[in-house]
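Here are my notes on the model you sent, set out as numbered points. They take up the two DNA strands in turn and then the contact between the protein chains.

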There are 2 protein chains.
Amino acid sequence: MMVSTKGRYALTVMVDLARKGENGYVSLSDIAESENLSMKYLESIIAILNKGGMLKSLRGKNGGYMLARDPKDYTINEILLLTEGTLAPVNCIMQEGVQCEKAATCSTLPLWAGLDKVIENYLKGITLEDIITGNRKKMLGEYCESCDPAE
Amino acid sequence: MMVSTKGRYALTVMVDLARKGENGYVSLSDIAESENLSMKYLESIIAILNKGGMLKSLRGKNGGYMLARDPKDYTINEILLLTEGTLAPVNCIMQEGVQCEKAATCSTLPLWAGLDKVIENYLKGITLEDIITGNRKKMLGEYCESCDPAE
DNA sequence: GATAAATCCTACTCTCTCGGTAGGAATATG
DNA sequence: CATATTCCTACCGAGAGAGTAGGATTTATC
């Protein structure tokens, strides 16, 4: 498993905010309750999103969080990358310019690099808006049983 | 990270066997030495491959392992699936018919399902032979800088 | 038949990350 | 001032990942 609860919950929070966000700030307790998740744990996750510039926050009474941009301007890739740190399928993928010492002669590296690219490409192609509108065709592609194959 | 050292080493072993396998059985110590990996750890990994029917083995002096089939008849997907157990990017993907209780109303599930399919599809499309022949075009696709884009 | 070289099998250990919890300080509203 | 909220730091238990250890069993060769 590549994506932990941290990344999954972060995405859930973003989706929740996108849905409720029109009416101003949404409190953490509100999100935790409607998604039925631990408020304390969500707190640590939302802090990452907030520091990463994904949200606007307001302290004090009636405070809370809201999206900093329009849902269509968030890719799933950037949300998960921020919370997970990396989405690389293996740790031998070059990270921040540092690569495995055996890279030059490793015959399996192109496979991992290719897999990494396939994942990144997919996640960059989907936005928060796609999720809240339930764009199954874009997410599931040819595997979508309820989508019209003719289109 | 989705693929642990277990899966990576397993693949390395398979590649090594594919390269040396023409001359009969290859011993574990031989593989461990040429790949510079712990023999004891490899032992536990190769046991999985062997029990999974991927290899033929011969005990005793001059014994060892060899591939059970032709390299082109192994997909990377099956090798990794056997050693890793699952390649699902999140644990909310249905496994063996058991799915998350919130599945029916979960708006992010199609995303995870789509990601899972993209990964599976990629890994099913690559064979052991592609790795030993260094088929960069197939592995890296459009991201292959040394491949001729015109082809 | 003894010996050496191999696979096979079971159990153990150490470390790190995941998934949370706890408690309180700062800040805004009414 | 009371209350509701975000913000910050520290802590903790369980389980998985990454190996280690030791020996039992099997087979080829001398």
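1. The model is a predicted one, and everything below should be read as computed from its atoms. Of the atoms of DNA strand C that come within 4 Å of the protein, 66% belong to sugar or phosphate, while the rest belong to bases.

2. DNA strand C is surrounded by 23 residues, and the closest of them are drawn from both protein chains: Ser38(A) and Lys40(A), together with Leu28(B), Glu43(B) and Ser57(B). Sorted by class, this surface has eleven polar, seven charged and five nonpolar residues.

3. As for secondary structure, the elements that each supply at least two residues of the surface near DNA strand C are α1 (5–20) and α3 (39–51) of chain A, and α3 (39–51), β1 (55–58) and β2 (64–67) of chain B. The largest share, three residues, comes from α3(B).

4. Some individual atom pairs at DNA strand C deserve a look in the viewer. Arg59(A) places a polar side-chain atom 3.1 Å from a base nitrogen of this strand, and Lys61(A) has a backbone N or O atom 3.5 Å from a base nitrogen of the strand. From chain B, the side chain of Ser57(B), which is among the closest residues, has an N or O atom 2.7 Å from a phosphate oxygen of DNA strand C.

5. Which residues come nearest to DNA strand D? Of the 23 residues around that strand, they are Leu28(A), Glu43(A), Ser57(A), Ser38(B) and Lys40(B). Sugar and phosphate account for 65% of the atoms of DNA strand D that come within 4 Å of the protein, and the surface near this strand has five nonpolar, eleven polar and seven charged residues.

6. At DNA strand D, the elements that each supply at least two residues of the surface are α3, β1 (55–58) and β2 (64–67) of chain A, along with α1 (5–20) and α3 of chain B. Here α3(A) gives the most, with three residues.

7. The atom pairs at DNA strand D include two that involve phosphate oxygens: an N or O atom in the side chain of Asn50(A) lies 3.0 Å from one, and a polar side-chain atom of Tyr65(A) lies 2.9 Å from one. On the base side, a polar backbone atom of Gly60(B) is 3.5 Å from a base oxygen of DNA strand D.

8. Turning to the protein chains, 37 residues of chain B are in contact with 37 residues of chain A. Between them the two chains bury about 3400 Å², with 71% of that area on carbon and sulfur atoms. Met1(B), Leu111(B) and Tyr143(B) supply 18% of the area that chain B buries against chain A, which is more than any other three residues.

9. How many salt bridges are there between chain B and chain A? The count is zero, although the interface does hold twelve residue pairs in polar contact, with both residues of each pair at pLDDT 80 or more.

10. On the side of chain B that touches chain A, two or more residues come from each of α1, α4 (76–84), α5 (109–124) and α7 (136–140) of chain B. Of these, α5(B) gives the most, with twelve residues. By class, the residues on this side divide into 25 nonpolar, seven charged and five polar.

How values were computed: Residues are numbered from 1 along each chain as its sequence is written. Chains are lettered from A and ligands numbered from 1 in the order in which they are written. This is a predicted model: local features need pLDDT of at least 70, side-chain atom pairs count only at pLDDT 80 or more; totals for chains, interfaces and linings use all residues. Side-chain values use heavy atoms; hydrogens and water are left out. A residue is near a molecule or strand if one of its heavy atoms lies within 4 Å of it. A polar contact is a pair of N or O atoms within 3.5 Å; within protein, one must be able to donate a hydrogen and the other to accept it, and residues adjacent in sequence count only if both atoms are side-chain atoms. Helices (H or I, at least four residues) and strands (E, at least two) are DSSP runs, numbered from the N terminus. Ala, Val, Leu, Ile, Met, Phe, Trp, Tyr, Cys and Pro count as nonpolar, Asp, Glu, Lys and Arg as charged, and the others, Gly among them, as polar. Contact means heavy atoms within 4.5 Å. Buried area is the accessible area (1.4 Å probe) that two parts lose on being put together, summed over both. A salt bridge is a side-chain nitrogen of Lys or Arg within 4 Å of a carboxyl oxygen of Asp or Glu.
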